[in-house]
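Please examine the following structure, beginning with its strands and the helix that links two of them, and then turning to a loop residue and the ligand surroundings.

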Amino acid sequence: MLIYVEKKAENYETTKRILSKFSDTQILEIDHYKNIFDKKIGNQKLTPAIIIAKDEHPNLLSVPNNYWYPGKSFFFRTSLNCVFDCEYCYLKGNFKTQYPVVFVNYEDIRNEITKKITEIRNDGYQWQITLYASNYSDIQWLDFYSWFNENFIPFIEKFDNVLMETRTKSANIDSIISINNWKPFKNTEISFSLNPEVIISTFEKWTAPLQARIKAINTLANKWYKVGLRFLPLLPINNYEKIYKEFLNNLKSEIDLEKIHSIFIASLIYNQWDFKTMQKKNPNSQLWNYVKLNENWLIKLPDEIFQKFSNLFKKELSEKKIYYDFI
Ligand code: SF4
C-alpha cells in the first residue's frame, strides 16, 4: 500500500488515524493531490494507493433543477473516487486515476455547510434543505478509513429541516450503528443503490451482492433509521421488464416498505463530454446501446423506455411515492 500525503494535510487528526491504521505502508509526501490525481501514473491495478489531501475550496454546489428531493439542495464532497468498478460510473469519465482521495479538513467543510444553511435561513427559506454527500465517492465503503459518519452525521443533527443523503453499493453499516449505539438519526438518510443481481454481476464489479445490501437495509430499517432505496441507473437489458418485475416482487417480500423513508429511480445519464470519455475508455460496452441524445443535449435512456420503467415501479411499489429526476 502506498499513501500520498499532501504537506498541508499532514497535521490533521484524520491523517494521523489513517496512517496509524495501515502499518505496512510506504508514505510519500506531495505538494498537491492533483499532481497525482490528475495524472496517469503507475500501474494502478498493482499499486493500491490512497491520497490524503486538504480541500482548499470546500464549496457546496447547487444540484441541477428538478434533481430528486424538492427544495434547495446541494452536493458536497469529503472524498473522491471509489474502489468499486461500475462500468457506467461517470467518475471514470471525470477522474484520471482510480486512487481514492480523502479530504481531511473536515472542520472547514462543516463550516461551509453551516455557513450555507445559515445564509439560506436568513433569507427566509424554511423548507427542507438537502445535502447530497455521495456523488463523488462511495463514502460508506470508504468509512473504515475516512470516519465520515462520526464526523458528519452527529454534526448534521443540530440543524432543523435539513436532510443529508449518503448513498452506497456496499453493505457496511457498522460505523453507522456504532455512532449512537442503535439510536437512529433524524437528519441523515442512508440510501442503498439497488439493481437486479444480473446487473450487479455484469456491470457493478466488486460491489456488495444484492442479498448483503438487503440485509443491511433491513438491519437499519428495523431500527427505524431513515433508509432510502435508489434504483439507478435503470438499465434496459434483454428481457428487462420481466427481470425488474421479479426483482421488485422479491424485494417486497424481503423488505418492509413501510419502514423505507424514500424511493428514487433514475435513468442512465451523461453529459456529452462525459459520454465521449466513457465511450473512448470502453468502446465495446453494451451500455452505449441503451442511451441516446435527447433534446436537452443529454445522453440518457429514451423517454419511452424510462416511462416503461416508471410505470412498472409505480405499479409494483404502489404503496410508496416514487421520486425521479426529470432533468
Ligand atoms: S459505487 Fe457508485 S461511485 Fe462507486 S464505481 Fe459504482 S457508481 Fe461509481
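Strand S1 is largely enclosed by the rest of the structure, because four of its five residues are buried. The model in which this is seen is a predicted one. S1 pairs with strand S2 (residues 26–30) in the parallel sense, and five bridges connect the two. Within this pairing, valine 5 has glutamate 29 of S2 as its bridge partner. Between S1 and S2 the chain passes through helix H1, and the resulting β-α-β crossover is right-handed. S1 also runs parallel to strand S3, to which four bridges join it. Here the bridge partner of isoleucine 3 is isoleucine 50 in S3.

The helix of this crossover merits attention in its own right. H1 spans residues 13–21, and its buried residues are Thr14, Thr15 and Ile18. These residues lie on the same side of H1, because the arc they cover around the axis is only 105 degrees. A general property of helices is relevant here: an α-helix has 3.6 residues a turn, so residues three or four places apart point the same way. On the face of H1 turned away from the buried side are the exposed residues Glu13, Lys16 and Ser20.

Against which elements do the buried residues of H1 pack? They pack against three strands, S1 (2–6), S3 (49–53) and S8 (101–103), and against helix H4 (106–122). S1 and S3, which are joined by four bridges, are thus both among the packing partners of the buried residues of H1.

Further along the chain, serine 134 is found in the loop that lies between strand S9 (129–132) and helix H5 (139–142). Is this loop residue buried or exposed? Serine 134 counts as buried, because it has 26 C-beta neighbours inside 10 Å, where 20 or more suffice for a residue to be called buried. When neighbours within four places in sequence are left aside, the contacts of serine 134 are Ile139, Thr166, Arg167 and Thr168. Serine 134 and alanine 266 are separated by 132 residues in sequence, and their C-alpha atoms are 15 Å apart in space.

Finally, the ligand may be considered. The residues around it are Cys82, Phe84, Asp85, Cys86, Cys89, Leu91, Asp138, Lys169 and Thr207. By character, this shell divides into five nonpolar residues, one polar residue and three charged residues.

How values were computed
Residues are numbered from 1 along each chain as its sequence is written. This is a predicted model: local features need pLDDT of at least 70, side-chain atom pairs count only at pLDDT 80 or more; totals for chains, interfaces and linings use all residues. A residue is near a molecule or strand if its C-beta atom, placed from the backbone, lies within 6 Å of it. Ala, Val, Leu, Ile, Met, Phe, Trp, Tyr, Cys and Pro count as nonpolar, Asp, Glu, Lys and Arg as charged, and the others, Gly among them, as polar. A residue is buried if 20 or more other C-beta atoms lie within 10 Å of its own, exposed if 12 or fewer, and partly exposed in between; C-beta atoms are placed from the backbone. The arc is that of the directions from the helix axis to the C-beta atoms. Two residues are in contact if their C-beta atoms, placed from the backbone, lie within 7 Å. Two strands pair if DSSP finds at least two bridges between them. A crossover is right-handed if, with the strands pointing away from the viewer, the path from the first strand over the helix to the second runs clockwise.
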